Amino acid sequence: MKLPTLREVGTEARLLLIGIPVFIWTMIPIYHMFLFAISPKEDAFSGKLWPDHPTLHNFSIVFHQQHYFLRDFWIQFGNSVIIAVAVGALTLIIATCAAYAISRLRVPGSRIVMNLALFTYFIPAAFLAVPMYRTMGKYGLLNNDWSLILAMVTIASPYAIWVLKQASDKLPVELDEAAVMDGASPLQIFRLVYVPLMMPSLVAIGTYAVLLAWNEYLYAFLLLSNDKAITLPVALGNFLAADDSPWELLMTTGFIYALPPAAVYYAFKRYMVGGLTAGAVKS
Amino acid sequence: MAITLSASDSALAEAPRPARLTPPQVWGIVMLAPYILVFLAFVVYPVGYGLWLARDPASYVALYNDPIFARAAVNTLIFLLVGINLKMLIALFLSGFFVQQRGWIKWLSVIFILPWAVPSIPTILSVRFMLNPEWGVVNQLIFKFTGEDGPNWLNDPTVALGMAIGMHIWKSLPFWTLILMTGRLAISQDLFEAAEVDGATWMQKFRYITWPSMQTLYITCTLLSMIWTLGDFNSVYLLTGGGPADLTHVLSTLGIRYLRLDQLSLAMASIVCAMPLVLPLVYFMMKRLSR
């Protein structure tokens, strides 16, 4: 009677022995950021694990833009929102149309387009950044929101097209055939049959593109430089330019910047896990 | 090509056009056009232009003579071989932990995904501050307990590169653990029950059941992770800035460094030099995924 319980305790202890380090490892950078965000300046640098006087004062400084580094906080926040939403919308439109054409309409040469798109997906974005920077300069788009939007759409759409194509290949062909029999045009099938059926994948892809654009640092920092044109991550990076930068304010801004994508991620987790991870690595 | 086979026959019969395309195919081309335009304007043109910039053999000679380039190439290899394998082994191990049926493990898995869900910039900066030699919390604690000054973490190239690898693992470990978990959950439980009856040990179950059914997934993940890690700019650039003395650059940050120094042809040449590493991986992945 006693032996199995002892073994159960042993298993549980071993699991805890893995679980606790995993928890600490995961939380350290995030907790450190949170700690700075709620600490007044003098507590922030004392090396304590909990501030003596936790406060929300830092948030009020950020929201009222009461520091040199934060004077354009709301404009930069707005830039991030506009760019993320525009990238999400454009990627959805372009990728859905392309996936429909490739998977359902069977355009000649669509296989080549799919392979080219996949190829772009696998080339690391950091390697495309240098030529992209020059090209945007040639197009006269530098320091314009559109340069970042178009660059991010270029990066997001290959994967979007691929995931949507995989999903639409699973829809039965009979649906299209029945709609054609009823005299529906390709556009009507697209609008009335295809898009409604693809909704879960579309939500996943839209979220993917929005998060990708919101989180992007490298391209934003290359393509936008004007203080009123940059997005939040670039503004965060600019804090490092000065030696005496206010860390507690930087961490507060970073915390505010990190909240929306985390919320979006957890809200759409159901779609993300089903729609994306299944597509990410098909084996 | 077998494309004409699938074009619906009724459409062909009703519309005998001089052109070979059926109306749905014309619509298809129209709907494919936006992506093709984006592709031409923002992939084909930049890549062609970049290759044209990198055509001068003198840039490669200059690269070859630049010690920073050699160092970056070595760093990239260390990053890939040590970082990725370590990460994937931990992910393989943790995927086995997270498939255990326990309430608290379910909650832990929700927290565990946080590094993947939050943007990398604030967390990288957070770690950077933690490691600051004077005010960072790590050295504060070292001082508190030992009374001695802690090391200047990011000023030692080996430690700094190690920290960058750690940062990369911190960020992407949850994603790969999640993927490997789906692989583990796809294995039939009957196999494990049968092994249990036969008195198989934990090691034997892994060796003869888990590993054989997961090795394809594991290798695909490792290769994909290698490609993505080659493009990991943030972990290195924001944590160490390539420093100290440009000793911790990897190939993805090196191109940007040359760009900022206004040496555009060197920047492109360094990217072209990374291609022998990237293209075989890409080719292999494309063969796997376009089946």
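A residue counts as buried if 20 or more other C-beta atoms lie within 10 Å of its own, as exposed if 12 or fewer do, and as partly exposed in between, with C-beta atoms placed from the backbone. By that yardstick, 46% of the 283 residues in chain A are buried. The model is a predicted one, so local features need pLDDT of at least 70 and side-chain atom pairs count only at pLDDT 80 or more, while totals for chains, interfaces and linings use all residues. Residues are numbered from 1 along each chain as its sequence is written, and chains are lettered from A and ligands numbered from 1 in the order in which they are written.

**View 1. Chain A, built from 14 helices and zero strands.** Helices (H or I, at least four residues) and strands (E, at least two) are DSSP runs, numbered from the N terminus. Walk along the sequence and you get α-α-α-α-α-α-α-α-α-α-α-α-α-α. The C-alpha atoms of chain A fill a box of roughly 75 × 75 × 30 Å along the principal axes. Chain A has a radius of gyration of 24 Å, where a compact globule of 283 residues would sit near 19 Å; the radius is taken over C-alpha atoms, and the globule rule is 2.2 Å times the number of residues to the power 0.38. Two residues are in contact if their C-beta atoms, placed from the backbone, lie within 7 Å. Among contacts in chain A with a separation of 6 or more, 78% join residues 24 or more positions apart.

**View 2. Inside the largest nonpolar core, a set of 161 residues.** A nonpolar core here means buried Ala, Val, Leu, Ile, Met, Phe, Trp, Tyr and Cys residues joined through C-beta atoms within 7 Å. Those touching the most other members are Val87(A), Ala98(A), Ala129(A), Met152(A), Ala160(A), Ile205(A) and Ala209(A). Helix 4 (residues 73–105) of chain A supplies the largest share of this core, 16 residues. Zoom in on Ala209(A): beyond its neighbours within four places in sequence, Ala209(A) is in contact with Val87(A), Gly88(A), Thr91(A), Leu92(A), Ala156(A) and Ala160(A).

**View 3. Gln76(A) and Ile75(A), both in helix 4 of chain A.** Gln76(A) is buried, because 20 or more is the cut-off and Gln76(A) has 25 other C-beta atoms within 10 Å. Leaving out residues up to four places away in sequence, Gln76(A) touches Ile230(A), Thr231(A), Leu232(A) and Ala235(A). The C-alpha atoms of Gln76(A) and Val234(A) are 9.1 Å apart, though 158 residues separate the two along the chain. Next door, Ile75(A) is partly exposed, with 15 other C-beta atoms within 10 Å. The C-alpha atoms of Ile75(A) and Ala229(A), 154 residues apart along the chain, are separated by 7.9 Å.

**View 4. Arg106(A), a residue other than glycine with a positive phi.** Phi of Arg106(A) is near 55°. You'll find Arg106(A) in the loop between helix 4 and helix 5 (110–122) of chain A. With 20 other C-beta atoms within 10 Å, Arg106(A) is buried.

**View 5. Helix 6 of chain A against helix 15 of chain B.** For the whole contact, chain A gives 75 residues and chain B 83 residues. The side of chain A that touches chain B divides into 56 nonpolar, 15 polar and four charged residues. Ala, Val, Leu, Ile, Met, Phe, Trp, Tyr, Cys and Pro count as nonpolar, Asp, Glu, Lys and Arg as charged, and the others, Gly among them, as polar. Close up, helix 6 (residues 125–139) of chain A and helix 15 (residues 264–289) of chain B pack at an angle of about 145°, with their axes 9 Å apart. Axes are lines fitted to C-alpha atoms, for helices over the stretch in contact, and angles run from 0 to 180 degrees between N-to-C directions. Phe127(A), Val130(A), Pro131(A) and Arg134(A) of helix 6 meet Leu264(B), Ala267(B), Met268(B), Ile271(B) and Ala274(B) of helix 15. By class, that is eight nonpolar, no polar and one charged residues.

**View 6. Asp262(B), in the loop between helix 14 (251–260) and helix 15 of chain B.** Phi of Asp262(B) is positive, near 65°, in a residue other than glycine. Asp262(B) is exposed, with 8 other C-beta atoms within 10 Å.
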